[in-house]
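Subject: Structure handover

Hello,

Here is the structure we talked about, with the sequence alongside. Please open it first, then read my notes below.

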Amino acid sequence: MQRYNILWADDEIDLLKPHILFLNNKGYDVTPVNSGADAIDKFENSYFDIVFLDENMPGMSGLETLGLIKANKPNVPVVMITKSEEEHIMEEAIGSKIADYLIKPLNPNQILMSVKKILDNKRLVTEKINLNYQQDFRSLSMAFNDRIDHLEWTEIYKKLVYWELQIDNTENKSMAEVLENQKEEANSNFAKFVLDNYEDWLNDPDSAKPLLSHQLMKKRVFPQIRDDRPLFMIVIDNLRYDQWKVIEPVVLNYFKVDEEELYYSILPTTTAYARNSIFSGMLPLEMAKFHPDIWIGEDIEEGKNKHEEEFLARQIAKLRLDIKHSYHKVIHANQGKHVVDNIHNLMGNDLNVIVYNFVDMLSHARTDMQMIRELAHDESAYRSITNSWFIHSPLLEAMKKISDKGGRMIITTDHGTIRVKRPFKIVGDKKTNTNLRYKQGKNLGYDGKNIFAVKHPESFHLPKVNVSTSYVFAMEDNFFAYPNNYNYYVNYYRDTFQHGGVSLEEMIIPIISLTSRNG
């Protein structure tokens with residue numbers, strides 16, 4: 001066991017010898033001093049893992065000593081010890097970022113607990129998390145190997161994300177590889193589940209089915225519109241459930257969660273299909289049929305999401321909803337700042353939809369830019385960079401303003417992404433789309449069973465460019481690669497984040513209803 005060095009400053013240090021001996025016997029080396037000035041001298045010439053400071057010392061007080069220590073080495077944990085329970089002393093110490101606050105008289109176990117909480121916390125947390133995950137491993141594996149429904153799959157995915165975030169907090173992430181293998185097995189079984197059930201979800205009114213993209217506005221958004229307070233719907237493109245969980249603590253500073261739910265994205269899990277489906281309230285085939293003037297098919301070289309605002313307006317009109325609404329799409333920071341500046345005016349609407357494209361841009365930038373690939377080299381780093389963006393973004397500023405004005409909010413997304421690892425060879429003509437997780441075209445050629453092939457698109461409510469059009473969806477962590485340029489595709493796209501296919505990460509996505517803490 002590692003021995004730690006403790007500096008303890010107290011003008012009655014001789015009376016604390018029993019406590020010091022107790023710590024020595026527990027494996028800690030304690031350097032005692034009887035003044036703040038002596039503590040600073042020792043601190044400047046030696047290394048200490050933790051400092052104990054008596055607040056009420058003659059000469060240099062504990063708080064003054066604390067200020068000098070933090071100015072010199074701000075990351076060294078300091079425990080303030082005092083006889084006083086005066087609130088202003090506690091507040092000043094806490095404001096100076098102390099690690100703990102103890103009230104005299106002390107007892108040995110109280111001191112030991114504080115030291116362990118600070119110095120051994122990481123090791124103890126790691127041991128506990130690893131043990132708990134090992135105990136849960138078997139029950140999780142048994143669950144996703146059974147015949148289970150869509151709700152049970154969402155619970156399994158939530159559990160896997162929970163363990164992912166927990167293992168992120170361990171020292172050496174020793175269980176990360178085990179969890180990654182378990183996620184791969186889960187995704188393999190989930191893909192088979194979708195293969196067996198997806199067509200029924202779309203066509204059989206009596207099948208047990210999840211909430212799908214085209215039902216989101218009608219079933220979850222419009223029912224929350226009220227006369228007294230506006231509703232803001234924030235659609236963050238590509239936001240996976242794990243990414244929501246890392247930004248959630250920041251959001252909870254300003255909002256209370258009324259409900260957290262997971263719903264299923266339609267296929268293909270792309271912006272062009274899933275997000276248009278959200279705003280139109282229709283599946284892709286119906287969009288192409290009933291709104292040919294604003295539906296942009298695969299055969300047209302044009303942005304596929306230029307008409308979301310119109311789709312939304314038409315869905316509102318179709319449902320005969322008497323609501324005043326707005327729509328904003330944020331791609332650049334200046335657009336985000338414009339929304340922040342305009343929040344006051346938006347408070348007069350019943351519904352305000354704000355689409356944020358940053359996470360989608362991040363996943364594509366990670367593919368295209370080596371620097372981003374280095375910054376977001378794995379799932380944990382990908383979550384971290386998302387969180388870093390969020391806490392510095394105009395979106396958070398907008399949320400603060402919405403909260404200040406007592407607004408309500410829904411945070412959701414259109415689909416997630418998966419880190420792809422295994423290439424799957426496919427052949428298509430020059431008109432075949434470029435997405436790596438699904439292909440749409442005629443005469444698609446491929447070998448192997450690990451694929452979701454749709455020979456009759458109309459059965460899956462997907463439009464056809466011509467009579468022989470078919471779709472194929474990558475499952476698990478596969479990505480499509482052309483044989484004539486195979487090595488390039490494999491080297492360039494392996495370990496990038498993609499979407500369009502069938503996986504837990506792409507299909508099972510969050511929708512969260514929130515109320516302002518100022519409401």
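Start where helix 6 touches helix 8. On the helix 6 side, the contact residues are Tyr133, Phe137, Leu140, Ser141 and Phe144. They meet Val178, Leu179, Gln182, Glu185, Ala186 and Asn189 of helix 8. By class, this contact has seven nonpolar, three polar and one charged residues. Keep in mind that the model is predicted.

How do the two helices lie? Helix 6 covers residues 121-144, and helix 8 covers residues 176-203. Their axes come within 10 Å and cross at roughly 15 degrees. Angles under 35 degrees count as roughly parallel, so helix 6 and helix 8 are roughly parallel to each other. The crossing of helix 6 past helix 8 is left-handed.

Helix 6 has another partner, helix 7, which spans residues 150-168. Here the packing angle is about 160 degrees, and the axes are 11 Å apart. That angle makes helix 6 roughly antiparallel to helix 7, because angles over 145 degrees are classed that way. This crossing is left-handed too.

The residues in this contact are:

- From helix 6: Ile129, Asn132, Tyr133, Asp136, Leu140, Ala143 and Phe144.
- From helix 7: Trp153, Ile156, Lys159, Leu160, Trp163, Gln166 and Ile167.

They divide into 10 nonpolar, two polar and two charged. Note that Tyr133, Leu140 and Phe144 of helix 6 appear in the contact with helix 8 and in the contact with helix 7.

Next, the sheet. Five strands form it, and it is open. The strand order is 2-1-3-4-5, with parallel pairing. Which strands stand at the edges? Strand 2 (28-33) and strand 5 (100-103) do. Each has a single partner strand, so one side of each is left without a neighbour in the sheet. From one strand to the next, the twist averages 20 degrees.

Look inside the sheet at strand 3 (residues 50-54) and strand 4 (residues 78-82). Four bridges join them, in the parallel sense. One to find on screen: valine 51 has valine 78 of strand 4 as its bridge partner.

Last, helix 11, at residues 271-280. How many of its residues are buried? The count is 10 of 10, so to speak of this helix as mostly covered is fair by the 20% cut-off on relative accessible area. The buried residues include Tyr273, Arg275, Asn276 and Phe279. Glycine 281 follows the helix, and its phi is positive, near 75 degrees.

Best wishes

Note on methods:
Residues are numbered from 1 along each chain as its sequence is written. This is a predicted model: local features need pLDDT of at least 70, side-chain atom pairs count only at pLDDT 80 or more; totals for chains, interfaces and linings use all residues. Side-chain values use heavy atoms; hydrogens and water are left out. Buried means under 20% relative accessible area, exposed over 50%, partly exposed in between (1.4 Å probe, protein chains only). Axes are lines fitted to C-alpha atoms, for helices over the stretch in contact, and angles run from 0 to 180 degrees between N-to-C directions. Angles under 35 degrees count as roughly parallel, over 145 as roughly antiparallel, 65 to 115 as roughly perpendicular and the rest as oblique. A crossing is left-handed if the near helix is turned anticlockwise from the far one by less than a right angle, and right-handed if clockwise. Contact means heavy atoms within 4.5 Å. Ala, Val, Leu, Ile, Met, Phe, Trp, Tyr, Cys and Pro count as nonpolar, Asp, Glu, Lys and Arg as charged, and the others, Gly among them, as polar. Two strands pair if DSSP finds at least two bridges between them.
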